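Please look through the structure shown here, beginning with its overall architecture and ending with a feature of its surface.

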Amino acid sequence: MTPSELVARVTRETCVVTAVLVGPAASLGGPAGALGFLAGGTLAVLSFRWLAARAAAAVGGHARGGWLAAAGLRFGASMAACGALLATGWAHPLALLAGVTVLPCAVVRLGLSASGKEG
């Protein structure tokens, strides 16, 4: 599996799982639970794709430095969005955290699946 295929599969799987679990999040946490879960999944995917694009540029030799600034910008943007959602009360904190957690689970699942196919 190429890196671009991995990014596409992780993105697709995270979006599907997030969409499927928004309903249960809404039944458990109401509108704030649904929005928190959806926002967490969306922020995780956007951050992951941003990171993957920067990594691909660095590996391809197209990165012109600025890694620290780009990482700080990515982290700052994610924290600002989370902070705004939590400060306004639009997102439940646990739902936001649960939504963010979907992406690492997808990465681990796809990584284990790929390692099983190689062996």
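From the N terminus on, the elements of the protein chain follow the order α-α-α, with three helices and zero strands in the chain; helices (H or I, at least four residues) and strands (E, at least two) are DSSP runs, numbered from the N terminus. This is a predicted model, in which local features need pLDDT of at least 70 and side-chain atom pairs count only at pLDDT 80 or more, whereas totals for chains, interfaces and linings use all residues. Residues are numbered from 1 along each chain as its sequence is written, and side-chain values use heavy atoms, with hydrogens and water left out.

Along its principal axes, the C-alpha trace of the protein chain spans about 45 × 40 × 15 Å. Among contacts (heavy atoms within 4.5 Å) between residues at least 6 apart in sequence, 69% join residues at least 24 apart. The protein chain exposes about 7200 Å², of which carbon and sulfur atoms supply 73%; accessible areas come from the Shrake-Rupley method with a 1.4 Å probe, and for residues only the protein chains shown count as cover.

On the surface, V16, V17, V20 and L21 form a nonpolar patch with about 310 Å² of accessible area together. Patches are made of residues with over 30% relative accessible area and no salt bridge (a side-chain nitrogen of Lys or Arg within 4 Å of a carboxyl oxygen of Asp or Glu), nonpolar side chains (Val, Leu, Ile, Met, Phe, Trp, Tyr) being joined within 5 Å and like charges within 9 Å. V16 lies in helix α1 (residues 3–59), and L21 is also found in helix α1.
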